[in-house]
Amino acid sequence: MRPRRFTPLLLPLSTLAFAGAVQAAEWNMATPYGDASFHTQNVKQFAEDVAEATDGALRITVHSGGSLVAHGEIKPSVRRGTIDAGEVFLSILSNDDPIFEIDTLPGVAGSYEEAMALWEATRPMITELFAAEGLKPLYAVAWPAQGLYTREEITDPEQFEGLRVRAPNINTQRFVQNLGGSPTETEESDIPTAFSTGRVDAMITSSATGNAMTAWDYVSWYTDANLWLPKNIVFINQRAFDRLDEATQEALLEAAARAEERGWQMSRDNNATSLEALAANGVSVVTPNEAVAEALQAAGDKLFADWESRASDEAKALLDAYRDGLEE
């Protein structure tokens, strides 16, 4: 009898590759801002950090500029689990609870230090509200202070009457109405078209957005009014997080903490370079005169009174605690 010859079992390389890949998690993340935004740059660095820290066990593909999901649909999509992670302008969630618009109230936080203290004070409540919808916040980063972009210099409060102003959230819309203007909701990617077609005459936004969108193509003045420092928030689907092993979860949270710290510094740096870019490209950067400043303050006071009438006792208590902390 001839001896039997045994041949080792050789799996195709593609099969071996798949066997190693099935353990990896592939997430999709949607953000409404373009690649020129420092927020998007920070998010992409966050995704790279996660992939490196987990040795590829978790890979996050960032879909920027609203290319995957429109801004208003990002949170619902993450909640449903159709995408795993998202970034939104926090105050667009104000219909869910007034706490989400607290960082768009004039006079509440007028510096990066105050904006961070406000975030720390409100983070527990915001985290709780997100958790009730199966969502987990990872980090938040402030924009530079908001100002007003116009074709002509604003020197008289009467110029606000009927002015069509791009307002990205309901609180900014109320603020514009308090000034006598006509608010228009326009996504960042549609700003140039909105100006060129006459749908808007002005916009309230940061130096960063003006620079990223080359505002000098359609406006000539930026009134650096230091209205408020709003935030973007990055969050994930809780079920997707729970499916990760403990080591991957820890790496993800550590990368998020670094992204938050890095993002706030990027915001500071971007504000300085953006103001320089605006001036270098012919935009006159000015501060409001006394009459305009008084009109902005009056509109802000009315906005704050409206917020207090709608906010919960918990939200108002958090604001009081934040203000007490500033005085210590």
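**Exercise 1. Find what covers the buried residues of helix α3.**

*Solution.* Start with the cover: the buried residues of α3 lie under elements that include β1 (25–30), β3 (85–89), α4 (112–131), β4 (135–142) and β10 (231–237). Helices (H or I, at least four residues) and strands (E, at least two) are DSSP runs, numbered from the N terminus. Contact here means heavy atoms within 4.5 Å.

Next, list the residues: H71, I74, K75, P76, S77 and V78 are buried in α3, which spans residues 71–80. The classes are buried (under 20% relative accessible area), exposed (over 50%) and partly exposed in between, with a 1.4 Å probe and protein chains only.

Finally, step past the helix: just after α3, G81 adopts a positive phi of about 90°.

A word on the input: this is a predicted model, where local features need pLDDT of at least 70 and side-chain atom pairs count only at pLDDT 80 or more, while totals for chains, interfaces and linings use all residues. Residues are numbered from 1 along each chain as its sequence is written, and side-chain values use heavy atoms, with hydrogens and water left out.

**Exercise 2. Work out which parts of the chain the salt bridge between E133 and R79 links.**

*Solution.* First, the criterion: a salt bridge is a side-chain nitrogen of Lys or Arg within 4 Å of a carboxyl oxygen of Asp or Glu. Side chains of opposite charge can pair when their charged atoms come close.

Second, the pair itself: E133 and R79 form a salt bridge with an N to O distance of 3.2 Å. This pair links distant parts of the chain, with E133 in the loop between α4 and β4, R79 in helix α3, and their positions 54 residues apart.

Third, the exposure: E133 counts as partly exposed because its relative accessible area is 27%, and R79 is also partly exposed, at 31%.

Fourth, widen the view: K75, R79, D96 and E133 are linked in a network of salt bridges. The structure holds 16 salt bridges.

**Exercise 3. Describe the salt-bridge partners of E113 and D190.**

*Solution.* Take E113 to begin with: its partner is R268, and the closest N and O atoms are 3.3 Å apart. Here too distant parts of the chain are linked, as E113 sits in helix α4 and R268 in helix α9 (residues 246–280), 155 residues apart. E113 is exposed, since its relative accessible area is 53%, whereas R268 is partly exposed at 30%.

Now D190: its salt bridge is with R199, at 2.5 Å between the closest N and O atoms. D190 has 26% relative accessibility and so counts as partly exposed; R199, at 35%, is partly exposed as well.

**Exercise 4. Is N42 buried or exposed, and which residues does N42 touch?**

*Solution.* Locate the residue: N42 belongs to helix α2 (residues 38–53). N42 is buried, because its relative accessible area is 2%.

Then collect the neighbours: leaving out residues up to four places away in sequence, N42 touches Y139, V141, A259, R262, G263 and M266. For V141, which is 99 residues from N42 along the chain, the C-alpha separation is 9.6 Å.

**Exercise 5. Locate the non-glycine residues D55 and N226, each with a positive phi, and classify their exposure.**

*Solution.* D55 is not a glycine, yet its phi is positive, at about 55°. D55 lies in the loop between α2 and β2 (58–63) and is exposed, because its relative accessibility is 73%.

N226, likewise not a glycine, has a positive phi of about 50°. Its place is the loop between β9 (221–223) and β10, and N226 is partly exposed, with a relative accessible area of 37%.

**Exercise 6. Which residues form the negative surface patch, and which helix gives the largest share?**

*Solution.* Use the rule first: patches are made of residues with over 30% relative accessible area and no salt bridge, with like charges joined within 9 Å and nonpolar side chains (Val, Leu, Ile, Met, Phe, Trp, Tyr) within 5 Å. Lys and Arg count as positive and Asp and Glu as negative, while His and the chain ends are not counted. A charge is placed at NZ of Lys, CZ of Arg, CG of Asp or CD of Glu.

The members are E308, D320, D324, E327 and E328. Helix α11 (residues 313–327) supplies the largest share, 3 residues. E327 is in α11, and E327 counts as exposed because its relative accessibility is 68%.

Methods
Accessible areas come from the Shrake-Rupley method with a 1.4 Å probe; for residues, only the protein chains shown count as cover.
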